[in-house]
Amino acid sequence: MADFYDLLGIDRGASQDEIKKAYRKIARELHPDVNPDPEVQNKFKEVTAAYDVLSDPQKRQQYDMGGQGFGGGFGGGFSDIMDAFFGGGGNRGPRPRMRQGQDALIRIEVDLNEACFGTERDITLESAVVCTKCEGQGTANNSAPSMCPVCKGRGETQFVQKSFLGQVMTSRPCNNCSGYGSVITDPCRECAGDGRVRARQTINVKVPAGVETGNRIQMAGRGEVGAGGGPAGDLYVEIVEKEHEFLLRDGDNLHVAIEVSIAAVSLGTTVNVETLDGPVKVDIKAGTQSGAMISVKGKGMTRLRSTHRGDLIVHVDVATPQKLSRDQEKLLKEFAKSRGERDGDVKIKGQREGMFSKFRDAFGR
Ligand SMILES: [Zn+2]
Ligand SMILES: [Zn+2]
């Protein structure tokens, strides 16, 4: 067993405050939830045992005088043998009050424009923060927890259990101290001994360009603070993309449907199409068919973590006039006649033409 003062990296004249600070700093780094490596866990137990002794003036004095019985509180014995049999172990001894905090998840809605170009958002949420009154210790007036009288600081109690090996001694966490090995007799009034309180906090979230529904932005250490002033978990901000009035997203591409008159598609025209970048001129060639798709390069969505932009795909619908004046009717009849069209004329399209070709593409045939 290493020297307790060396373990905490303090000198023998360190004040209670210095001891506490040194322990909290090390515990944040070595905590099993942060660093589950068994070697680090053992080190954590040693440091916790050292703190347990040095933070108690009476025990510290005894230790300074070379007192016995400070083997860390997990001395060998029958339970060690049982653990070897039943695969227990690894978690004996008092458990630390300081624990890793929980992760938190919050969803935010962004519109298509924000999803494309990125945005910044201040979000307010309620979460567990360190109690400022006791600095996470959970005790009032900077007092230390006292040794649990039931388990004598071991954090566990032993009892006899019947098993196929006959009667065996086994242990379970102490009920009196919930396994901490110590009890807070004078809890902090602010947090009732938990070391943390709930508070509203405002967090600035930077949403990168190119996000889509389901993307999560991880904000390390912005989740809930752990009990006993333990390190905070992470905050995850999940993106929910709002539906756009007329733009439909498909990965990096955007789709928009426009309606053009029969005269315009026949003669060819240029139209203004509203995009995320403002209105864009789109040329419609003479003879464009209904259902034609025109790609506008670089007017789609931004690709996440890149400056690449997808395309805007303009779907052309030809609008058939539904009401004609007498004059228009006459003109159209003349138009048809000049093209040699007769009433009842129809052209059957081949399988590879027209709408079937789209179904083929869709089913990959
Ligand atoms: Zn408190
Ligand atoms: Zn106890």
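A residue is called partly exposed when its relative accessible area lies between the limits for buried, under 20%, and exposed, over 50%. The legends below describe close-up views of a predicted model.

**Figure 1. Overview of the predicted protein model and its secondary structure**. The protein contains nine helices and 15 strands. Buried residues make up 35% of its 365 residues. Among the contacts with a separation of 6 or more, 64% are between residues 24 or more positions apart. The accessible surface amounts to about 22800 Å², and carbon and sulfur atoms contribute 49% of that area. The count of salt bridges in the protein is 17, and several of these are shown in Figures 5 and 6.

**Figure 2. The site of the zinc ion (ligand 1), with four cysteine donors**. The SG atoms of Cys131, Cys134, Cys188 and Cys191 are the protein donors and lie 2.3 Å from the zinc ion (ligand 1). The arrangement is tetrahedral because the four donor atoms subtend angles of 105 to 115°. Along the chain, the donors of this ion follow the spacing C-x2-C-x53-C-x2-C. Cys134 belongs to the loop between strand 2 and strand 3 (146-147), and Cys191 to the loop between strand 6 (182-183) and strand 7; the pair therefore ties together parts that are 57 residues apart in sequence. Cys134 and Cys191 are both buried.

**Figure 3. The site of the zinc ion (ligand 2), with its tetrahedral set of donors**. Cys148, Cys151, Cys174 and Cys177 each donate through SG, at 2.2 to 2.3 Å from the zinc ion (ligand 2). The angles among the four donor atoms range from 102 to 115°, and the site is tetrahedral. In sequence, the donors of the zinc ion (ligand 2) show the spacing C-x2-C-x22-C-x2-C. Of these donors, Cys148 is buried, with a relative accessible area of 0%, and Cys151 is likewise buried, at 4% relative accessibility.

**Figure 4. Helix 3 (residues 38-54) and its buried residues**. Helix 3 has 17 residues. From its first C-alpha to its last, the helix reaches 24 Å, close to the 24 Å expected at 1.5 Å a residue. The buried residues of helix 3 are Val40, Phe44, Lys45, Val47, Thr48, Ala49, Ala50, Tyr51, Val53 and Leu54. The cover over these buried residues includes helix 1 (4-8), helix 2 (16-30) and helix 4 (57-64).

**Figure 5. The salt bridge between Asp52 and Lys59**. The closest N and O atoms of Asp52 and Lys59 are 3.2 Å apart. Which of the classes buried, partly exposed and exposed applies to Asp52? Asp52 counts as partly exposed, because its relative accessibility is 31%. Lys59, in contrast, is buried, with a relative accessible area of 12%, a value that falls under the 20% limit.

**Figure 6. Salt bridges of Glu126 with Arg198 and of Glu156 with Arg154**. In the bridge between Glu126 and Arg198, the closest N and O atoms are 3.5 Å apart. The pair links distant parts of the chain: Glu126 is in strand 2 (residues 119-130) and Arg198 is in strand 7 (residues 196-207), 72 residues apart. Glu126 is partly exposed, at 45% relative accessibility. The side chains of Glu156 and Arg154 also meet in a salt bridge, at 3.6 Å from N to O. Glu156 counts as buried, with 11% relative accessibility, whereas Arg154 counts as partly exposed, with 29%. Elsewhere, Arg107, Arg216 and Glu238 are joined into one network by salt bridges that share partners.

**Figure 7. Gly287 in the loop between strand 13 (278-284) and strand 14 (293-296)**. Gly287 is partly exposed, with a relative accessible area of 46%. The C-alpha atoms of Gly287 and Leu267 are separated by 6.9 Å, although the two residues are 20 residues apart along the chain. When neighbours within four places in sequence are left aside, Gly287 is in contact with Val265 and Ser266.

Conventions:
Residues are numbered from 1 along each chain as its sequence is written. Chains are lettered from A and ligands numbered from 1 in the order in which they are written. This is a predicted model: local features need pLDDT of at least 70, side-chain atom pairs count only at pLDDT 80 or more; totals for chains, interfaces and linings use all residues. Side-chain values use heavy atoms; hydrogens and water are left out. Helices (H or I, at least four residues) and strands (E, at least two) are DSSP runs, numbered from the N terminus. Buried means under 20% relative accessible area, exposed over 50%, partly exposed in between (1.4 Å probe, protein chains only). Contact means heavy atoms within 4.5 Å. Accessible areas come from the Shrake-Rupley method with a 1.4 Å probe; for residues, only the protein chains shown count as cover. A salt bridge is a side-chain nitrogen of Lys or Arg within 4 Å of a carboxyl oxygen of Asp or Glu. Donors are N, O and S atoms within 2.8 Å of the metal (3.2 Å for Na, K and Ca); water is not among the atoms, so sites may look incomplete. Four donors count as tetrahedral if all angles lie between 85 and 135 degrees; four count as square planar and six as octahedral if opposite donors are over 155 degrees apart and all others between 65 and 115; anything else is irregular. The expected span of a helix is 1.5 Å times one less than its number of residues.
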